[in-house]
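These are my notes on strand pairing and on a few residues with unusual backbone geometry. I looked up each item in turn.

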Amino acid sequence: CLASHDSLNYARVLAFNGAYNGPPSNIITIRTPEGQPGPIDMLDCYPMGSSALLLQWKEPQEVNGILTGYRIYYSKVVGTNIGPELEREPRITNNRTDKAKLAGLEPHSKYRVTIKATTAAGEGLGYYTECDTNPQAQSAPSMPNFRYTHFRIDDENLMSRIKVTWQPFVDGNPGSHFYVQYRKQKEPLWIKTEDQLNENSIVVKGLDPGHIYEFRVVAVDGA
């Protein structure tokens, strides 16, 4: 008989006839090289705002090794024509992830989205579906909820860092991407971070220790 877990296999041998099984041999261990994984088991997509999609999938039934993450590719579809294939960045390196956002798309458009699981042997077979983005919304996106985590002071430059994580308001118009604004308390001007297309968090660096800062998260719909 043979049992398998990842790329480590265990085997033992026993003799048998039509009536009885003989005593099994000692268990031997066989390590086989990892292979490329099979296709993911499912892929669904839901529009977020007018220029993003929320993707959700199930891991492959046949991993053939140790799952290391996923790669996401997408192409715009116009009629029967499929445009150039682009890759979502950053690549997913957490093997427990089963959802991701794909932003920076065109409103009211169709896209073919392909996800491939990865092991140390490389990418597996692709699984694709076609998804539609929403038309451009006529109203402003809803306000997201957010929380923050205070990191310890950076030893290199002695500056503080705050991680801001937000949750889109999916019951309204969640928006397609987000950015953070922050300022020292009582100062008039807000400082804007870069737009976050595919992530729902950002680390704000370079904050002066010992000061009170105000933060807010801004949802954007469309480009």
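**Entry 1: the sheet with E9.** I looked up the bridge partner of Gln-56 and found Lys-99 in E9. The model I am reading is a predicted one. Gln-56 belongs to a pairing in which strand E5 (residues 52-58) is joined to E9 by four bridges, in the antiparallel sense. I then traced the whole sheet: it is open, has three strands and follows the order E4-E5-E9, with antiparallel pairing. Strand E4 (42-48) and strand E9 (99-102) each have a single partner strand, so each is an edge strand with one side lacking a neighbour in the sheet. From one strand to the next, I noted an average twist of 20°.

**Entry 2: the sheet with E15.** I next recorded an open sheet of three strands, ordered E16-E15-E18 and paired in the antiparallel sense. Its edges are strand E16 (191-192) and strand E18 (213-220), each of which pairs on one side only. Between strand E15 (residues 177-184) and E16 I found two bridges, again antiparallel. Which residue stands opposite Ile-191 of E16? I identified Tyr-182. As a general reminder, I noted that strands of a sheet pair through backbone hydrogen bonds.

**Entry 3: backbone exceptions.** I kept in mind that most residues other than glycine have a negative phi, and that most peptide bonds are trans. I then listed the exceptions.

- Asn-64 is not a glycine, yet I read a positive phi of about 60°. Asn-64 sits in the loop between E5 and strand E6 (69-78). I classed Asn-64 as partly exposed, because its relative accessible area is 40%, between the limits of 20% and 50%.
- Lys-186, also a residue other than glycine, has a positive phi near 80°. I placed Lys-186 in the loop between E15 and E16. Its relative accessibility is 81%, over the 50% limit, so I entered Lys-186 as exposed.
- The peptide bond from Glu-89 to Pro-90 is cis, and I read omega near -5°. Pro-90 lies in the loop between strand E8 (86-87) and E9.

**Entry 4: Thr-118.** Is Thr-118 buried or exposed? I located Thr-118 in strand E10 (residues 110-119). Thr-118 counts as buried because its relative accessibility is 8%, under the 20% cut-off. I then looked up what Thr-118 touches, leaving out residues up to four places away in sequence: the contacts are Pro-37, Ile-66, Leu-67, Thr-68, Gly-69, Tyr-70, Arg-71 and Glu-123.

Technical notes: Residues numbered from 1 in each chain as written. Predicted model: local features only at pLDDT ≥ 70, side-chain atom pairs only at ≥ 80, totals over all residues. Heavy atoms only, no water. Pairing = 2+ DSSP bridges. Axes fitted to C-alpha atoms, helices over the stretch in contact; angles between N-to-C directions. Buried < 20%, exposed > 50% of the residue type's maximum accessible area, 1.4 Å probe, protein only. Contact = heavy atoms within 4.5 Å.
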